[in-house]
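Thank you for passing this structure along for comment. The points below are set out in the order in which I would raise them with a colleague.

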Amino acid sequence: MIDKLMNTAVFKWIDDRSNIGSIIREHVTEYPTPRNLNYMWNFGSLAITVLVLQILTGIFLAMYYKPSAAMTIGGYTVAFDSVERIMRDVNFGWLIRYMHAVGASAFFVVVYMHMGRGLYYGSYKNPRELLWIIGVVILLIMQGAAFFGYLLPWGQMSFWGAVVITNLFGAIPVLGDFIGQLLVGGFAVGDPTLNRFFSLHYLFPLLLAAIVGGHIHALHVVHSNNPEGIDIDHDKETIPFHPYYTIKDAFGVCVFLLAYCYFVFYNPSAGGYFIEVDNYVPANNLQTPAHIAPVWYLTPWYTILRSFESKLLGVIMMGASLAILFVLPFLDRSKVRSARYRPVYRQMVILFFVAVLTLGYCGHASATPVLKVVGQIATAVYFGFFLLLPFVHKFEKTKPEPEGI
Ligand code: HEM
């Protein structure tokens, strides 16, 4: 089909003037791809799919959404009311809104799997360090976009979540209050905050799209890693991306869409995981909800924040838990990439995944004394993983790697 399309007169006319044909051949259809990639390599194309879905549904939501905390005659805020109108009065508004809300969680599921794959198979190591670092920038922008977006419906959890997180800036000495006020647009979360967050929430995904372009450019300079983690012969051990991987990626998109449609049509709140139950209640600045927690994809970092008695230390450690991802490629000194051939690293990375899941659970549940200790242990394991990495190669007996794939 792609060949047919590229042979049409219209395509040839454009190609003569833009060279687009050879760009498509070099970077898509004939792009040399390792022939042994498993399904864990589907998550990159899935992340692109969800990003496009989020941008498209977001554009349509923004046509009806109104970022204002002013009150309507009915006693709701304009923002909350506009979301209710999208749900009830706009044709297929409910569908677009649920696609966007479920899409936010789907985006993080896909990207966390994508990162987990990178960790397990050592895709962050030489020569893909920059690719990984761009990925971490993408992660931070995604988290920012999700946080800003969550305020927009102006429900109870939106409001109080924003209050808790923006208050954290106050813990930072000297500049903290200034940054907090700049973000909030005053001394307390209110109408100016909503306008700022809406503006940034619109901007960040567009930034993401541009940075993803850089991410893929960086990938095409150094080429894909593979499950064996070994350097390969690009003439003998690769196959053109099309048709094998276009079909495999399309299959992955179909499977993803099945799960996505289940949540969009049958379970959009996912029992309070995707949309908190409290967020169906309009924001009330005089009534704090019994239990304030961010959405599941931010809860691991929230647990790290809560694991320390001092607010400042909590903020520093939360920042450090994200910042340390940038230096990961330089902490790991082993020459072997894939965990398949690194018995010690394999145990460490599995323990790390368990720690992140535990942190996520602790941040979502109410903070009991037991869960607090569990969260602190998981925090120690999280940082322990990174701190141990520079020394693992000294005592790890790696297994022999295969000659080829
Ligand atoms: C919007 C989010 C993202 C998109 C659309 C995206 C897209 C892609 C695509 C299409 C690939 C090639 C296919 C594949 O290997 O799966 C890729 C590879 C890669 N990405 Fe991402 N990515 C995103 C986020 C991230 C993040 C957050 C990280 C890490 C912090 C990351 C790290 C990597 C690495 C290391 C590779 C090379 C994998 C290998 O060759 O083994 N990406 N990305």
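**Notes on the predicted model**

1. The natural place to begin is R342, which has a relative accessibility of 0% and therefore counts as buried, the limit for that class being under 20%. Please keep in mind throughout that this is a predicted model.

2. The side chain of R342 meets that of D332 in a salt bridge, at 3.0 Å from N to O. Both residues lie in the loop between α13 and α14, so the pair ties together parts that are 10 residues apart in sequence. D332 is buried, as is R342.

3. R342 also forms a salt bridge with E396, and here the closest N and O atoms are 2.9 Å apart. Because E396 lies in the segment after α15 while R342 is in the loop between α13 and α14, this pair ties together parts that are 54 residues apart in sequence. E396, for its part, has 8% relative accessibility and so counts as buried.

4. These contacts belong to a wider arrangement, in that K125, D332, R342 and E396 are linked in a network of salt bridges. For context, the structure holds 10 salt bridges.

5. Another of the salt bridges joins the side chains of E309 and K372, at 2.9 Å from N to O. This pair links distant parts of the chain, with E309 in the loop between α12 and α13 and K372 in helix α15, 63 residues apart. Are its two ends buried or exposed? E309 is exposed, with a relative accessible area of 71%, and K372 is partly exposed, with a relative accessible area of 30%.

6. Helix α12, which spans residues 299–306, deserves separate comment: 7 of its 8 residues are buried, so it is largely enclosed by the rest of the structure. The buried residues are T299, P300, W301, Y302, T303, I304 and L305. They pack against α6 (93–120), α7 (129–151) and α8 (156–168), and likewise against α13 (311–331), α14 (343–364) and α15 (369–395).

7. Which residues are the protein donors of the iron atom of the ligand? They are H114 and H215, each through its NE2 atom, lying 2.0 to 2.1 Å from the iron. The two histidines link distant parts of the chain, since H114 is in helix α6 and H215 in helix α10 (residues 191–222), 101 residues apart. H215 has a relative accessibility of 16%, and it therefore counts as buried.

8. Why is the arrangement around the iron atom of the ligand described as octahedral? The 6 donor atoms subtend angles of 83 to 180 degrees, and this makes the arrangement octahedral. As a reference, the ideal angles for six octahedral donors are 90 or 180 degrees.

9. The surface carries a nonpolar patch formed by I48, V52, L56, I59, F60, M63, Y64, Y202, L206 and I216, which together have about 890 Å² of accessible area. The elements giving two or more residues to this patch are α4 (43–62) and α10, and α4 gives the most, with 5 residues. One of the patch residues, I59, is found in helix α4 and is partly exposed, its relative accessible area being 32%.

Key
Residues are numbered from 1 along each chain as its sequence is written. This is a predicted model: local features need pLDDT of at least 70, side-chain atom pairs count only at pLDDT 80 or more; totals for chains, interfaces and linings use all residues. Side-chain values use heavy atoms; hydrogens and water are left out. Buried means under 20% relative accessible area, exposed over 50%, partly exposed in between (1.4 Å probe, protein chains only). Helices (H or I, at least four residues) and strands (E, at least two) are DSSP runs, numbered from the N terminus. Contact means heavy atoms within 4.5 Å. Donors are N, O and S atoms within 2.8 Å of the metal (3.2 Å for Na, K and Ca); water is not among the atoms, so sites may look incomplete. Four donors count as tetrahedral if all angles lie between 85 and 135 degrees; four count as square planar and six as octahedral if opposite donors are over 155 degrees apart and all others between 65 and 115; anything else is irregular. Patches are made of residues with over 30% relative accessible area and no salt bridge: like charges are joined within 9 Å, nonpolar side chains (Val, Leu, Ile, Met, Phe, Trp, Tyr) within 5 Å. Accessible areas come from the Shrake-Rupley method with a 1.4 Å probe; for residues, only the protein chains shown count as cover. A salt bridge is a side-chain nitrogen of Lys or Arg within 4 Å of a carboxyl oxygen of Asp or Glu.
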